[in-house]
Amino acid sequence: MAGLLMMALSPAAMAADGVITRLKFRELVVARLEAANPDFRVKVLSIDELEVTGVGEGEIQMYLGNAYRQYLSDPSALDEVIARFVGVAVSATAAQAEDAPLALADLRLLIRPAGFLDEVRKMRARSGKPVLDKDLPVSRPLAGDLVVLLGLDHPQSYSYPPRATVEEALPSADAWTRALANTDAAVGEIRTEALRDGVAMVTTDSGLAPSLLLLDDVWARAPLKGQGDPIVVVFSRTALLLGHEGDPASIEALVAILKTELAFAGNDLVSDQLFIRRNGRWEVFDPAAPRRMPRQASLDRAA
């Protein structure tokens with residue numbers, strides 16, 4: 001949460017505290033990437049996103065959000081944070097090659113914005129590669145603007161093999177089932193950190209917190225169970241914000257936090273929507289709509 005507060009500061013206030021801005025951080029990362037390997041070609045796609053090519057046939061998209069948050073938590077560790085990020089590029093770019101063998105044990109299901117697939121199409125088109133369905137990652141819609149992608153978990157990154165590569169190994173439906181089981185097994189400890197007014201930040205040992213949306217059993221038990229149906233914001237690729245429909249204060253706090261993040265151009269939100277789990281399915285939640293209170297909460301209020 002300290003990182004969130006720092007990112008809400010103006011550039012002038014950050015400079016006064018000796019903290020570099022997100023743009024300056026990106027500039028330093030780009031310079032280090034280009035110095036790390038003369039074959040690297042780095043293209044800035046947005047304030048928070050880079051495309052790195054130049055090793056084998058691989059190409060990766062890299063997101064600065066988590067690295068910048070790590071820096072904000074300890075500004076003295078700037079060089080170490082950037083070095084780790086560059087190390088990811090060195091190891092991951094080659095792993096993106098489409099002819100790399102598909103390791104079934106590395107299959108995972110990952111939550112991403114639907115626009116991610118559009119970016120994959122554009123990236124392939126810019127490289128002169130085909131963009132048929134078989135050339136794109138295996139995906140399914142989840143809810144609202146979210147999709148689920150079939151990915152591979154490399155030591156320092158994820159890659160998204162095209163459907164044709166997946167189906168050379170096994171039918172994509174079987175790969176999906178295997179990936180779900182792998183994801184469940186890989187999640188590790190689920191941690192919650194209380195933020196404000198009943199809202200918790202949810203993270204996991206594996207960095208797979210958004211993928212918890214796909215695991216039915218975790219929502220029926222602590223630490224994610226609460227008063228009424230769970231409501232989440234997919235806060236980043238590694239974290240969720242959690243409230244509950246039976247806790248109006250948590251809903252108001254989720255809306256306020258989301259509004260603050262949307263005002264920050266460098267946010268790394270996966271989605272700007274709220275989602276609620278009802279009857280075992282996720283759907284978009286409208287905070288302005290009438291709210292259903294849990295039976296016990298209704299009885300308590302009537303008493």
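This passage describes the fold, the nonpolar cores, one buried loop residue and one pocket of a predicted model.

The model is predicted, so that local features need pLDDT of at least 70 and side-chain atom pairs count only at pLDDT 80 or more, whereas totals for chains, interfaces and linings use all residues. Residues are numbered from 1 along each chain as its sequence is written, and side-chain values use heavy atoms, with hydrogens and water left out.

The chain contains 10 helices and 13 strands, assigned as DSSP runs (helices, H or I, at least four residues; strands, E, at least two) and numbered from the N terminus. Of its 303 residues, 47% count as buried (under 20% relative accessible area, with exposed over 50% and partly exposed in between; 1.4 Å probe, protein chains only). The chain exposes about 14,300 Å², of which carbon and sulfur atoms supply 53% (Shrake-Rupley method, 1.4 Å probe). Among contacts (heavy atoms within 4.5 Å) between residues at least 6 apart in sequence, 61% join residues at least 24 apart.

The largest nonpolar core (buried Ala, Val, Leu, Ile, Met, Phe, Trp, Tyr and Cys residues joined through side-chain atoms within 4.5 Å) has 33 residues, and L150, L212, L213, W219 and L224 touch the most other members. At least two residues of this core come from each of β4 (107-113), β6 (146-153), α8, β10 (230-234) and β11 (240-244); the largest share, 4 residues, is that of β6. Beyond its neighbours within four places in sequence, L224 is in contact with I190, T192, V202, L212, V218, W219, L242 and H244. A second, separate core of 25 residues includes F40, V42, Y68 and V81.

D135 is situated in the loop between α6 (115-126) and β5. With a relative accessible area of 9%, D135 is buried; outside its neighbours within four places in sequence, its contacts are R124, P130 and P162.

The second largest pocket has a volume of about 300 Å³. A pocket is an open set of points on a 1 Å grid over the protein atoms alone, where a 1.4 Å probe fits, with protein on both sides within 12 Å along at least five of seven lines; lining residues have an atom within 4 Å of a point. The volume is the space filled by probe spheres set on the points, which are joined across faces, edges and corners. Of the 14 lining residues, P141, L142, L213, L214 and W282 are the closest to the pocket centre. β5 (139-143), α8 (172-186) and β13 (281-285) each supply at least two lining residues, with the largest share, 3 residues, from β5.
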